[in-house]
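Good morning, and thank you for making time for this item. I should like to take you through one structure, beginning with its internal space and then turning to its sheets.

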Amino acid sequence: MKQENVAFLTLGCKVNQYETNAMAQKFKQAGYKVIEYESSDVKNSTKIDIYVINTCTVTNISDRKSRQMLRKVKEHNPNAIIVATGCYAQVAKEVLNDMEEIDLVLGNNEKKDIVQYVEQFKKDHNKISEVKDTFEPKEFCEFGTTTYTEKTRAAIKVQDGCDRFCTYCIIPYARGRVRSRRPEKVIEEIKEISKKGIKEVVITGIHIASYGKDFINDEKLKEYRLIDLLQEINQIEGIKRIRLGSIEPTLITDEFIEKIKNIEKICHHFHLSLQSGCDDTLSRMNRKYTTEEFRQAVQRLRNTYKDVILTTDIIVGFPGETEEEFEKTTKFLEEIKFYKMHIFPYSQRKGTKAAEMPKQVDGNIKEKRAKELIEMSNKNQLEYNKQYCGTEVEVLIEEKQKDIYKGHTANYILVKVKNTNEKELENKIKNVKIEEAEEENLIGIIY
């Protein structure tokens with residue numbers, strides 16, 4: 001009996017990437033061969049037996065891309081079994097059920113049992129659609145000790161779900177309420193990956209700032225929060241860097257700062273999700289902080305870490321955003337001066353409150369505002385990078401492309417390393433002398 005091949009295509013966030021790896025491990029354990037997805041594979045009708053598309057639904061563009069990829073793989077692989085899972089499958093079950101290209105539609109909670117569902121389909125060839133109510137699960141869905149691993153870092157999923165219900169966001173409906181992974185499971189997984197020589201872990205989830213809030217009925221863990229987990233991870237031998245995924249400014253309290261500054265392995269890079277620099281806009285978005293509270297969080301971090309790098313997300317053209325409101329956002333961003341900003345023109349998302357709000361902003365206006373902020377972000381990044389010329393930084397080397405090694409500093413600045421005779425530098429931390437600065441990266445030599 002021939003060994004069947006499985007390929008994965010993952011759209012969206014690191015949580016999805018983590019879960020893709022977990023599903024891949026399940027297939028391997030069941031005797032399947034996991035083939036790395038490449039666009040060229042799509043046209044090879046004999047190579048791939050099963051395609052798993054782990055979908056994203058954060059925007060309408062994500063939805064469209066998910067549908068396009070599902071059709072594409074079936075078109076070029078008519079005999080392959082096509083599985084749609086992930087957030088878009090969770091919220092758009094009916095749409096995907098009507099797509100003839102798809103053989104299985106599985107929600108987020110069904111990912112852990114994907115092999116059984118595929119085996120069932122192979123027996124009777126009847127389309128399977130299994131998407132449970134995402135608000136049903138009360139506890140974290142444990143995949144086991146499975147890590148999404150790049151060459152030099154591993155993303156560790158510690159939490160799922162979100163209770164914030166921002167008016168523009170569909171994710172709570174795709175992921176459900178906050179569920180935190182038990183700390184002993186997190187520590188067990190990180191200890192395992194440290195044995196493989198991985199030096200950096202990225203703590204990820206849907207809303208990691210909420211980690212532990214659902215432990216309220218557990219006498220032992222009811223006071224346990226993200227900072228406590230980070231303190232435990234800091235003690236694991238072999239791990240050199242702990243990086244946080246996206247967090248909210250409300251997490252950065254004086255108490256949090258007092259504790260985190262003693263965690264020497266924490267990376268001095270924080271992605272603080274802002275979305276708007278105008279309080280009226282933030283209120284319509286149902287964000288849980290004001291610009292003043294955000295400003296205080298930034299100040300706490302900059303007072304604590306002199307080399308801190310701050311990045312953020314901004315939505316432009318949110319319903320009702322006037323020129324005056326956008327101007328307030330612009331001035332606030334000029335004041336904070338992030339290292340990098342990810343700019344998103346607002347996209348109406350069916351099923352969210354914002355989609356039904358009056359005063360939707362014209363597309364041309366959104367495009368103009370986005371362009372203005374992207375230019376600001378690029379300028380900021382280049383100015384920050386120029387400050388490093390002539391300095392020495394520690395770089396975790398991640399990969400080699402031709403004669404250039406690439407890696408990141410602890411505060412997550414990309415560095416290209418040239419003219420070195422050293423070999424097999426991947427996954428090593430090296431001192432690099434910075435000679436040049438470009439918009440996206442630094443350039444230096446190992447000394």
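The largest cavity has a volume of about 40 Å³. Please keep in mind that this is a predicted model. The structure holds one cavity of 30 Å³ or more.

Which residues line the largest cavity? They are Glu-19, Asn-108, Asn-109, Cys-141, Phe-143, Lys-157, Asp-160, Arg-175 and Arg-179. Grouped by class, this lining comprises two nonpolar, two polar and five charged residues.

I now come to the sheets. As a general reminder, strands of a sheet pair through backbone hydrogen bonds, in either the parallel or the antiparallel sense.

One sheet is open and has six strands, in the order E2-E1-E3-E4-E5-E6, with parallel pairing. Its edge strands are E2, residues 33-35, and E6, residues 128-130, each of which pairs on one side only. Neighbouring strands of this open sheet are turned by 20 degrees against each other on average, direction ignored. At one end of the order, strand E5, residues 104-106, pairs with E6 in the parallel sense over three bridges. There, Leu-104 stands opposite Ile-128 in E6.

How is the barrel ordered? Five strands close into it in the order E15-E16-E17-E19-E18, and the pairing is mixed. In this sheet, neighbouring strands are turned by 50 degrees against each other on average, again with direction ignored. Within the barrel, strand E16, residues 404-408, and strand E17, residues 414-417, pair in the antiparallel sense over four bridges. Gly-407 stands opposite Val-415 in E17.

That concludes my presentation, and I welcome your questions.

Methods: Residues are numbered from 1 along each chain as its sequence is written. This is a predicted model: local features need pLDDT of at least 70, side-chain atom pairs count only at pLDDT 80 or more; totals for chains, interfaces and linings use all residues. Side-chain values use heavy atoms; hydrogens and water are left out. On a 1 Å grid over the protein atoms alone, a cavity is a set of points where a 1.4 Å probe fits but cannot get out, and a pocket is an open set with protein on both sides within 12 Å along at least five of seven lines; lining residues have an atom within 4 Å of a point. Grid points are joined across faces, edges and corners, and a volume is the space filled by probe spheres set on the points. Ala, Val, Leu, Ile, Met, Phe, Trp, Tyr, Cys and Pro count as nonpolar, Asp, Glu, Lys and Arg as charged, and the others, Gly among them, as polar. Two strands pair if DSSP finds at least two bridges between them. Helices (H or I, at least four residues) and strands (E, at least two) are DSSP runs, numbered from the N terminus. Axes are lines fitted to C-alpha atoms, for helices over the stretch in contact, and angles run from 0 to 180 degrees between N-to-C directions.
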